[in-house]
Amino acid sequence: MFRSLRERNYRYYASGQVVSLTGTWMQRAAQDWLVLELSGGSPAALGLAVALQFLPTLALTLWAGVFADRFDKRRILIVTQSALGLCGFALGTLDVTGIVALWHVYVLCFVLGCFSAVNAPVRQSFVVEMVGPAQLTNAVALNSMTFNLARIVGPAIAGVAITAVGTGWVFLVNGLSSVAVVAGLLLMDTALLHRATAVGKERGQLRAGLRYVRGRPDLVVVLVLVFCIGTFGMNFESTFAVIARNVFHHDADGYGMLITMLAVGTLTGATLAARRSARPGSRLRLMLVGAGVFGALEALAGVMPSYWLFAATLVPMGVAVMTFTTSANSTVQLAVEPTMRGRVMGLYMLLFMGGKPLGGLASGWLAEVFGPRWPVLLGGLLSLAAAIGGALVLSQQRKKGLIQPQG
């Protein structure tokens with residue numbers, strides 16, 4: 001299950017990510033809570049903060065994929081990770097000194113989103129360079145385990161820390177945690193990286209990547225499904241804070257518990273994905289099943305009458321969504337040409353994250369007008385519908401011979 005850790009470079013990377021991602025999830029929880037405090041509990045204000053953080057994805061992520069195919073991914077990651085840490089230090093300083101205002105949070109959400117938009121596709125396409133194609137599926141699953149372990153620990157620590165010392169110190173801790181991942185990148189042995197042939201500078205590289213995807217019906221279906229679920233189904237950060245505060249009347253530690261319960265499920269799902277990674281089977285089929293089950297469980301969570309029933313539903317929901325995301329990620333990365341991987345993953349991350357401004361604003365509006373439960377209920381139903389639609393389209397394409405069965 002942990003065979004990717006035999007690779008020296010990946011061990012450095014994964015170790016730094018455990019620390020850095022814990023800080024990231026601490027900041028996310030603290031940022032949501034700070035926005036609610038500064039706005040008087042407004043779901044729309046929280047939705048705007050989420051939208052600003054993910055809006056740069058629309059403008060930058062595709063070009064970041066081009067850069068990933070042309071330049072040294074490791075060096076790009078060192079720059080972007082350092083900048084993300086500085087954003088944490090800036091917000092923490094403003095908060096600790098007592099001068100933070102809502103517009104400060106909005107500006108820093110946007111700046112952080114710019115660097116995250118560049119970081120995401122480069123980081124995704126860098127995984128195969130650390131472990132090689134044979135270990136990619138396992139490494140993707142282990143990355144998900146790391147991400148969700150941090151999602152468990154980070155919000156839980158943040159919930160206690162916010163109550164004890166306030167949100168400002170949480171932001172400062174996140175800034176400090178970024179040192180770990182930068183150190184891991186600097187310590188790598190570049191001679192051991194499985195680098196693809198660098199793509200030279202020429203006109204039309206972005207369009208060439210889009211044409212490549214358009215000619216692959218299987219990739220189109222996966223990417224459309226990723227967009228639908230990423231936009232409408234996975235707005236956890238903006239909806240859970242509102243549900244914890246405004247529906248079940250819990251404080252920051254109650255919000256942290258909801259994120260933690262979801263993360264218990266996603267960590268379990270990532271662990272199962274790592275164990276499955278060496279077994280034969282259809283990744284596309286597994287992806288569709290995960291998407292459908294996730295949508296059904298999210299819709300069910302939206303009508304749960306009590307805090308603890310809502311929280312308990314998040315565990316199997318987390319297993320399902322992680323089954324979907326790991327299967328979709330490895331399906332796309334293993335199905336593309338190495339020289340196209342950066343650009344395709346740029347499009348993947350654009351669709352996965354770029355819809356969050358729309359999803360964040362829609363969730364905020366739905367919660368404001370109809371109640372906090374509606375974003376969860378409708379997000380689940382839309383995700384379920386997208387999974388069913390994707391299964392039908394893939395079935396028709398396979399019958400026509402447009403796609404081949406995958407292992």
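What is the volume of the largest cavity? About 1,100 Å³. Keep in mind that this is a predicted model.

## The space inside

Let's start with the gaps. Rolling a probe the size of a water molecule over the atoms shows where empty space is left. Here the count comes to five cavities of 30 Å³ or more.

The largest cavity is lined by 47 residues, and the closest to its centre are L21, R28, R123, Q124 and F147. Sort the lining by class and you get 22 polar, 20 nonpolar and five charged residues. Helix α1 gives the most to this lining, with eleven residues.

## A look at Q17

Now pick out one residue of helix α1, which covers residues 8-39: Q17 is found there. Is Q17 buried or exposed? Its relative accessibility is 7%, and buried means under 20%, so Q17 counts as buried.

Who does Q17 touch? Leaving out residues up to four places away in sequence, Q17 touches T22, Q81, R123, T146 and V181. You've met R123 already, as one of the residues closest to the centre of the largest cavity.

## The nonpolar cores

Next, the greasy-sounding part. The largest nonpolar core holds 89 residues, and F240 and F310 touch the most other members. Helix α13 (residues 307-335) supplies the largest share of this core, eleven residues.

Zoom in on F310: setting aside neighbours within four places in sequence, F310 is in contact with F240, I243, F248, L258, A301 and M304. Apart from this largest core lies another core, of 28 residues, with I76, I78, V140 and L193 among them.

Technical notes. Residues are numbered from 1 along each chain as its sequence is written. This is a predicted model: local features need pLDDT of at least 70, side-chain atom pairs count only at pLDDT 80 or more; totals for chains, interfaces and linings use all residues. Side-chain values use heavy atoms; hydrogens and water are left out. Helices (H or I, at least four residues) and strands (E, at least two) are DSSP runs, numbered from the N terminus. Buried means under 20% relative accessible area, exposed over 50%, partly exposed in between (1.4 Å probe, protein chains only). Contact means heavy atoms within 4.5 Å. A nonpolar core is a set of buried Ala, Val, Leu, Ile, Met, Phe, Trp, Tyr and Cys residues joined through side-chain atoms within 4.5 Å. On a 1 Å grid over the protein atoms alone, a cavity is a set of points where a 1.4 Å probe fits but cannot get out, and a pocket is an open set with protein on both sides within 12 Å along at least five of seven lines; lining residues have an atom within 4 Å of a point. Grid points are joined across faces, edges and corners, and a volume is the space filled by probe spheres set on the points. Ala, Val, Leu, Ile, Met, Phe, Trp, Tyr, Cys and Pro count as nonpolar, Asp, Glu, Lys and Arg as charged, and the others, Gly among them, as polar.
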